[in-house]
Amino acid sequence: MRSNVLSIVAATVVVLLASTSALAHHGAASIYDMSKETTIKATVTEYVWTNPHVELGISPSGGTTTELLLELGSPPNIRNRGWTSRTVKAGDVVTVTFHPGLRGAKIGVVVKLITADGKELHA
Amino acid sequence: MIRRLIALATAAALTAAAAGCSKPAAAPAAAAHPDLSGSWVRPLGEGGLPPANKIPLTPRAAAKMKAERPAAGENQDFANTTDPSLKYADPNGYPRISMHPMRFKLIQTNDYVYQLWEYNQNWRQIALNVPQDPDPALTWYGNAVGKWEGDTLVVDSIGYKDSTWLDSRGLPHTQDLHLVERIHKVGENLVFDITFEDPGAFTKPWTAQLTYRPSPDGTMTETIYTISDELRFRERFLQQKPTIPIRR
């Protein structure tokens, strides 16, 4: 069973402070619940280095199809924080923390990510 | 052979004599102006234009701003934004482009100063020591001329298209926008003191100060923004159907 392959390691927590993610392109509050953070372990299904925001697709169930689509900052902003176009790739197992989409939308905005080899990066 | 040896010996003797008699090299002439060249960055969340209620908007400009739907901040409506830089992928214009938390470079030469922005790879040129064109073509980044006043580069610019927003809140202007910028260093930082003058949009001139820090990492990352990128993002994250065919 796929869900046994990878486990969800943390639940949703409420945070008091808004993320410092650089979302110059749009306001986050109209899309995401900035009062919540969710941390899960998941398999990367896609990682697209693009504008206006780098996109990270993940599968908490360990599959190859994107079940949650997460956004990061724009390429220059996250490069300043140590990200590159090769930070992760499809198939990597990562632990990612994000603000979830409003109204149950299967989207989110990344707060931080821990790569398979333990490197922690903030978005 | 003998002639060659004599020539070499003579050359060596002259060189030695010259070395003995040489005076210290003249010190290089002091730079007439500070060098503002370098990579600069505005830290996220620092500075910016004043609150809207502190800007002396004309009634017409106030109504226009109120009707706009910015993608962030107060009155945000990302899904239905009227922001021309998102709706049409228009260039930001000036000074909005300088408010991203991204780098720009200043390249200073004897007759021009170039400002190169990381965002969208846009740039403007500031012609030095030439008169302002009284009737320039209207452009995204205006017609800028500059001159030095001591350690300050004073830039005068006009000729801006009125379709741009002055910032991401939807602050409007007309084609009569006139900016005077005083660009100078304060410590290690670069400061732009900007005076905004536009009788159609503002009841009186007003000022803003934008401060930039040195960016030790001068690498400019490509971040060219297209309408296809925007529509793709909206399709994926907002489930908005693209209004035109997009790149797949």
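Helices and strands here are DSSP runs numbered from the N terminus, helices being H or I with at least four residues and strands being E with at least two. With that in place, Glu37(A) is found in strand S2 of chain A, residues 36–48.

This is a predicted model, in which local features need pLDDT of at least 70, side-chain atom pairs count only at pLDDT 80 or more, and totals for chains, interfaces and linings use all residues. Residues are numbered from 1 along each chain as its sequence is written, and chains are lettered from A and ligands numbered from 1 in the order in which they are written.

Let me stay with Glu37(A) for a moment. Is Glu37(A) buried or exposed? Neither: Glu37(A) is partly exposed, because 19 other C-beta atoms lie within 10 Å. The cut-offs are 20 or more such atoms for buried, 12 or fewer for exposed, and partly exposed in between, with C-beta atoms placed from the backbone. Between the C-alpha atoms of Glu37(A) and Ile107(A), the separation is 12 Å, and the two residues are 70 apart along the chain.

That brings us to strand S6 of chain A, residues 107–114. S6(A) is mostly covered, with 6 of its 8 residues buried. Which strands does S6(A) pair with? I call two strands paired if DSSP finds at least two bridges between them. In the parallel sense, S6(A) pairs with strand S4 of chain A, residues 68–71, over 3 bridges; here Val109(A) has Glu71(A) opposite. With strand S5 of chain A, residues 93–100, S6(A) runs antiparallel, and 6 bridges join them. Phe98(A) has Val110(A) as its bridge partner there. The hairpin of S5(A) and S6(A) has 6 residues between the strands, and Arg103(A) in the turn has a positive phi of about 55 degrees.

On to strand S7 of chain A, residues 120–122, which is antiparallel to S6(A) and joined to it by 3 bridges. Leu113(A) is matched with Leu121(A) in S7(A). This hairpin has 5 residues between S6(A) and S7(A), and in its turn Gly118(A) has a positive phi of about 90 degrees. One step further out, strand S3 of chain A, residues 55–59, pairs with S4(A) in the antiparallel sense over 4 bridges, and Ile58(A) stands opposite Leu68(A).

Now chain B. It has 4 helices and 9 strands, and from the N terminus the order is α-β-α-α-β-β-β-β-β-β-β-β-α. Of its 248 residues, 29% are buried. The 9 strands form a closed barrel, S1-S2-S3-S4-S5-S6-S7-S8-S9, with mixed pairing. From one strand to the next the twist averages 30 degrees, where axes are lines fitted to C-alpha atoms, for helices over the stretch in contact, and angles run from 0 to 180 degrees between N-to-C directions. As an example from the barrel, S3(B) pairs with strand S4 of chain B, residues 123–128, in the antiparallel sense over 5 bridges, and Tyr112(B) has Ala127(B) as its bridge partner.

Next, the cores. A nonpolar core is a set of buried Ala, Val, Leu, Ile, Met, Phe, Trp, Tyr and Cys residues joined through C-beta atoms within 7 Å. The largest has 32 residues, and Trp40(B), Val155(B), Leu171(B) and Ile183(B) touch the most other members. Elements of chain B giving it two or more residues include S1 (38–41), H2 (59–67) and S8 (189–197); S8(B) gives the most, with 4 residues. Leaving aside residues up to four places away in sequence, Ile183(B) touches Leu36(B), Thr152(B), Leu153(B), Val155(B), Leu190(B) and Phe192(B). A second, separate core of 31 residues includes Tyr32(A), Ile58(A), Ile107(A) and Ala71(B).

Last, where the chains meet. Contact is counted when C-beta atoms, placed from the backbone, lie within 7 Å. On that count, 19 residues of chain B are in contact with 19 residues of chain A. What covers the buried residues of helix H4(B) includes S4 and S6 of chain A, together with helix H3 (84–87) of chain B. Those buried residues are Glu230(B), Arg232(B), Phe233(B), Arg234(B) and Phe237(B). Just after H4(B), Gln239(B) takes a positive phi of about 60 degrees.

Conventions:
Two residues are in contact if their C-beta atoms, placed from the backbone, lie within 7 Å.
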